Amino acid sequence: MQYMVRVLCVLIATLCFAPKANADRIQALSKRLATSKSDKVRISAALSLAKSNDARAMNALSGSLLRDKSSAIRRISAASLGQRFQDQKSANARKTALA
């Protein structure tokens with residue numbers, strides 16, 4: 001019985017704090033993308049943000065598309081934003097077709 005209570009407490013704590021950890025991760029990656037002097041660090045941040053569905057990640061990528069001096073980072077940002085647009089467009093087309 002006591003074991004089940006512990007497992008339940010751990011599960012509840014994990015579920016309650018997981019979104020906050022993800023939010024902090026997006027914020028940290030966005031800051032690295034905007035402020036790091038190292039191209040490698042910014043590329044890594046851009047690639048990680050590109051995998052996220054968070055709107056803040058898309059905002060950070062669009063900012064880097066406009067401001068970053070590295071063409072590699074601008075290409076990553078453009079490709080990610082373009083893919084996101086295509087995914088949204090496809091989802092909207094499916095909804096329309098099913099309606």
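This is a chat about a predicted model of a single chain and its helices.

Colleague: Okay, start me off easy. How many helices and strands does the chain have?
Modeller: Four helices and zero strands. Reading from the N terminus, the elements go α-α-α-α. Keep in mind that this is a predicted model.

Colleague: And what share of the residues counts as buried?
Modeller: Of the 99 residues in the chain, 23% count as buried.

Colleague: What about the accessible surface of the chain, how much is there?
Modeller: About 7,400 Å², and carbon and sulfur atoms account for 62% of that.

Colleague: Let's get to the packing. How do the axes of α2 and α3 sit relative to each other?
Modeller: Helix α2 covers residues 39–50 and helix α3 covers residues 55–67. Their axes come within 9 Å and cross at roughly 140°.

Colleague: Why do you call α2 oblique to α3?
Modeller: It's down to that crossing angle: roughly 140° makes α2 oblique to α3. To count as roughly antiparallel, the angle would have to be over 145 degrees.

Colleague: Is the crossing left-handed or right-handed?
Modeller: Left-handed, as α2 passes α3.

Colleague: Which residues make the contact?
Modeller: On α2 you have Ala46, Leu49 and Ala50. On α3 the partners are Ala57, Met58, Ala60 and Leu61.

Colleague: And by class, what's in that contact?
Modeller: Seven nonpolar residues, with no polar and no charged ones in the contact of α2 with α3.

Colleague: Switching to single residues. Where is Ser48, and is it buried or exposed?
Modeller: Ser48 is in helix α2. Its relative accessible area is 18%, so Ser48 is buried; the cut-off for buried is under 20%.

Colleague: What is Ser48 in contact with, leaving aside its neighbours within four places in sequence?
Modeller: Arg25 and Leu29.

Colleague: How about Ile43, where is that one?
Modeller: Ile43 is found in helix α2 too. Ile43 counts as partly exposed because its relative accessibility is 26%.

Colleague: Which residues does Ile43 contact, again leaving aside neighbours within four places?
Modeller: Ala72, Ile73 and Ile76. Take Ile73: it is 30 residues from Ile43 in sequence, yet their C-alpha atoms are 5.7 Å apart in space.

Colleague: Going back to the chain as a whole, what share of its contacts joins residues at least 24 apart?
Modeller: It's 46%, counting contacts between residues at least 6 apart in sequence.

Definitions and conventions
Residues numbered from 1 in each chain as written. Predicted model: local features only at pLDDT ≥ 70, side-chain atom pairs only at ≥ 80, totals over all residues. Heavy atoms only, no water. Axes fitted to C-alpha atoms, helices over the stretch in contact; angles between N-to-C directions. Helix = DSSP H or I, 4+ residues; strand = E, 2+ residues; numbered from the N terminus. Parallel < 35°, antiparallel > 145°, perpendicular 65-115°, else oblique. Left-handed = near helix turned anticlockwise from the far one by under 90°. Contact = heavy atoms within 4.5 Å. Nonpolar A, V, L, I, M, F, W, Y, C, P; charged D, E, K, R; others polar. Buried < 20%, exposed > 50% of the residue type's maximum accessible area, 1.4 Å probe, protein only. Areas by Shrake-Rupley, 256 points an atom, 1.4 Å probe, with all protein chains shown as cover.
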